[in-house]
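Please look over the sequence and the model first, and then follow the explanation below, which moves from overall confidence to a few individual residues.

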Amino acid sequence: MLEKTAVLFLAAGYGTRLQRDLLQLPADDELARLVNVPKALLPLAGKPLIDHWLDLIASKPASGTDASELDTFIICNDANVKQFVEWAKGRSFPLNRIFSDGSTSNENRRGAVQDIHFMDAAKKIQPDSLVTCYRVSDEETRKFGIIELDAAVDHPLVNGASRIVGFKEKPGPEASKSRLACPCFYFFSAPTLPHVLQFLQAARKENGKLEEIDATGKFLAWVIHRSSVWALPVSGRLDIGGLSSFIEANKYLSGGLSS
C-alpha cells in the first residue's frame, strides 16, 4: 500500500439535461436559482452534493488509511471554477486541490477519461483497481453500463469483491445475463493509470470522436482486458441526470424516501 490515497472528483461536466430542465421553469420557481450551478455544488438536504461525499470519506476512510492521509482533488471546468473556489473558501478546502481542465462549454469539453489523465494527482492511487456495482432490473439494463463478473475469483483482501471479465454499455436484457450496473465511482491503481493515455491514443487513432473518451465506461471496458479490475457490490446510487432525479435525490437525503 502506498502512503497516500488520492480521491479525484470529476466535476468538469456541464449537466446539460439538468440545465435544460431548469431553464424551462418559471423565473419565480424556487429551483430556477440552480441554473448554471454545477452538479457537485447542487444543494441536497441542506448542503452541496460534494459535501456529502467529503463527509463520508472523512468518516469512513479506505481500509488501512487514515482520513488525514487522503489527498482529495477536484477537476472542474473554466465555466464553473469560480463557483468551486467560493465553495472551497467556505469549507476551508485547499484551493490548490482544485483544477480546471480549460474547457468553457459542453461543445469543447475534454471528456471524463481525458480529465483523469490530466490529473497528475491520480498517480497516487493505491495498487488495486476497484469499482462498485449494484443490481438493476431487466428493464433498467438499457440505462446503465453493465459489468460481468467471474464469481469464482475473489479478491484476496477486499471481502465480497470479484474480478470483472466483461462490460457492456447499456445492453438489452437479452445481451447479458448480468444485472450489475457500474456507476462512475472508481479506485484506479497506479499501474493501471498508464493505460489511460494508451486508451486515449487508441481512441483518437480509431475515430477521434469525443463520445469515445467522454464516457468512463468506455475506458473501463477497454482496461479490464489489460489490467485486473475488481467490483464491490453496493446498495445503489443517486443518479442526478435531470430535474426529476435531482428532486428525488434531495427527498432521499432529507429523509423523505426510505429507499
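## Two buried loop residues and two positive phi angles

This is a predicted model, and a reading of it may begin with confidence: the protein chain has an average pLDDT of 85, with 86% of the residues scoring at least 70. Confidence is highest in strand E3, at 96, and lowest in helix H6 (residues 211-214), where the mean is 80. Over residues 121-126, the pLDDT falls below 50, although this stretch has 25 contacts in the model beyond near neighbours in sequence. Where pLDDT is low, the predicted coordinates should not be read in detail.

With that caution in place, consider Ser 103, which is found in the loop that runs between strand E5 (98-100) and helix H4 (112-118). Ser 103 counts as buried because its relative accessibility is 2%, under the 20% cut-off. Leaving aside neighbours within four places in sequence, the residues in contact with Ser 103 include Ala 12 and Tyr 14, then Asn 77, Asp 78 and Ala 79, and also Asn 108, Arg 109 and Arg 110. Tyr 14 also takes part in a polar contact, in which its side chain and that of Ser 103 are joined at 2.8 Å. Cys 76 is 27 residues away from Ser 103 along the chain, and the C-alpha atoms of the two are separated by 8.7 Å.

A second loop residue, Thr 141, is placed between strand E6 (129-135) and strand E7 (145-154). With a relative accessible area of 1%, Thr 141 is likewise buried. Its contacts, once neighbours within four places in sequence are set aside, are with Val 136, Ile 146, Lys 170, Pro 171, Gly 172, Pro 173 and Arg 179. For Pro 171 there is a further detail, since a polar atom of the Thr 141 side chain lies 2.9 Å from the backbone oxygen of Pro 171.

Lys 170, one of the residues in contact with Thr 141, belongs to the loop between strand E8 (162-169) and strand E9 (180-181). The phi angle of Lys 170 is near 50°, a positive value in a residue other than glycine. Whereas Thr 141 is buried, Lys 170 counts as partly exposed because its relative accessibility is 46%.

A positive phi is also found at Ala 45, again a residue other than glycine, with a value near 55°. Ala 45 sits in the loop between strand E2 (43-44) and strand E3 (47-48), and at 30% relative accessibility Ala 45 counts as partly exposed.

Terms used: Residues numbered from 1 in each chain as written. Heavy atoms only, no water. Helix = DSSP H or I, 4+ residues; strand = E, 2+ residues; numbered from the N terminus. Buried < 20%, exposed > 50% of the residue type's maximum accessible area, 1.4 Å probe, protein only. Contact = heavy atoms within 4.5 Å. Polar contact = N/O pair within 3.5 Å; in protein donor to acceptor, adjacent residues only side chain to side chain. pLDDT = per-residue confidence, 0-100.
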